[in-house]
Amino acid sequence: NVQTENVVPYALGGDSGGDYNAVFTDANLGDHEICATPFSGANRGGTAGSTICISITTVRNQGPTEVPSPTEAPTIPPTRSPVVPPSSESDVPAYNVGEDGELT
């Protein structure tokens, strides 16, 4: 089978307004080779690029599998930036501490 796609979404079995068409059904379960060749022009026109092929095996869907619960992410301690002493007093920023303890 040959499928030509000129517009996104580029779909193996084509699409209808962005809804993908079925490609593999119970009638064609098993081993398949899928190859794709880009072309510089529309409708396989212009210069052909390198063809890339993959081999796949399609199987009947056995239904959803149980997804394990996510584990809690480890807590990473904050890192501190190295303190670099100023080269002169003019390099030291001036801050005022307000009555509420905020820097201004």
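The paragraphs below go through the structure from its overall make-up to individual residues.

This is a predicted model. The protein contains 0 helices and 4 strands, and its elements follow the order β-β-β-β from the N terminus. Of its 104 residues, 4% count as buried. The exposed surface of the protein comes to about 9600 Å², and carbon and sulfur atoms supply 53% of that area. Among contacts in the protein with a separation of 6 or more, 25% are between residues 24 or more positions apart. Several of the residues described below take part in pairings between parts of the chain that are separated in sequence.

The disulfide is a convenient starting point. A disulfide is a covalent bond between the sulfur atoms of two cysteines. Searching the whole structure turns up 1 disulfide. The bond runs between Cys35 and Cys53, with an S to S distance of 2.0 Å. This pair links distant parts of the chain, with Cys35 in strand β3 and Cys53 in strand β4, 18 residues apart. The disulfide is right-handed because the torsion about the S-S bond of Cys35 and Cys53 is about 110°. As for solvent access, Cys35 has a relative accessible area of 41% and is therefore partly exposed. Cys53, at 37% relative accessibility, likewise counts as partly exposed.

Strand β4 spans residues 52–58, and two more of its residues can be followed in detail. One of them is Ile56, which is placed in strand β4. Ile56 counts as partly exposed because its relative accessibility is 26%, and buried means under 20%. Leaving out residues up to four places away in sequence, Ile56 touches Phe24, Gly30, Asp31, His32 and Ile34. For one of these partners a backbone distance can be given: Ile56 and Asp31 are 25 residues apart in sequence, yet their C-alpha atoms are 5.8 Å apart in space.

Thr58 also belongs to strand β4. With a relative accessible area of 12%, under the 20% limit, Thr58 is buried. Apart from neighbours within four places in sequence, Thr58 is in contact with Phe24, Asn28, Leu29, Gly30 and His32. With Asn28 there is also a polar approach, in which the side chain of Thr58 reaches the backbone oxygen of Asn28 at 3.5 Å. Phe24 is found among the contacts of Thr58 and among those of Ile56. The same can be said of Gly30 and His32, which are in contact with Thr58 and are touched by Ile56.

The loop before strand β3 comes next. Thr25 sits in the loop between β2 (19–20) and β3 (30–36). At 39% relative accessibility, Thr25 counts as partly exposed, because this value lies between the limits of 20% and 50%. Thr25 and Val59 are 34 residues apart in sequence, and their C-alpha atoms are 9.1 Å apart in space.

Phe24 comes up again at the surface, where Leu12, Val23 and Phe24 form a nonpolar patch. Together these residues have about 220 Å² of accessible area. Leu12 is located in the segment before β1 (15–16). Its relative accessible area is 44%, so Leu12 is partly exposed. The segment before β1 also holds Pro9. The peptide bond leading from Val8 to Pro9 is cis, with omega near 0°.

The other backbone features to note are in the loop between β3 and β4, where Asn43 lies. Phi of Asn43 is near 55°, which is a positive value in a residue other than glycine. Asn43 has a relative accessible area of 55%, over the 50% limit, and is therefore exposed. Arg44 is placed in the loop between β3 and β4 as well. Although Arg44 is not a glycine, its phi is positive, at about 60°.

To return to the strands, β3 and β4 are linked through Cys35 and Cys53. Further along strand β4, Ile56 touches residues including Asp31 and Ile34, and Thr58 is in contact with residues including Asn28 and Leu29.

Methods: Residues numbered from 1 in each chain as written. Predicted model: local features only at pLDDT ≥ 70, side-chain atom pairs only at ≥ 80, totals over all residues. Heavy atoms only, no water. Patch = residues over 30% accessible without salt bridge, like charges linked within 9 Å, V, L, I, M, F, W, Y side chains within 5 Å. Areas by Shrake-Rupley, 256 points an atom, 1.4 Å probe, with all protein chains shown as cover. Salt bridge = Lys/Arg side-chain N within 4 Å of Asp/Glu carboxyl O. Buried < 20%, exposed > 50% of the residue type's maximum accessible area, 1.4 Å probe, protein only. Polar contact = N/O pair within 3.5 Å; in protein donor to acceptor, adjacent residues only side chain to side chain. Contact = heavy atoms within 4.5 Å. Disulfide = S-S within 2.5 Å.
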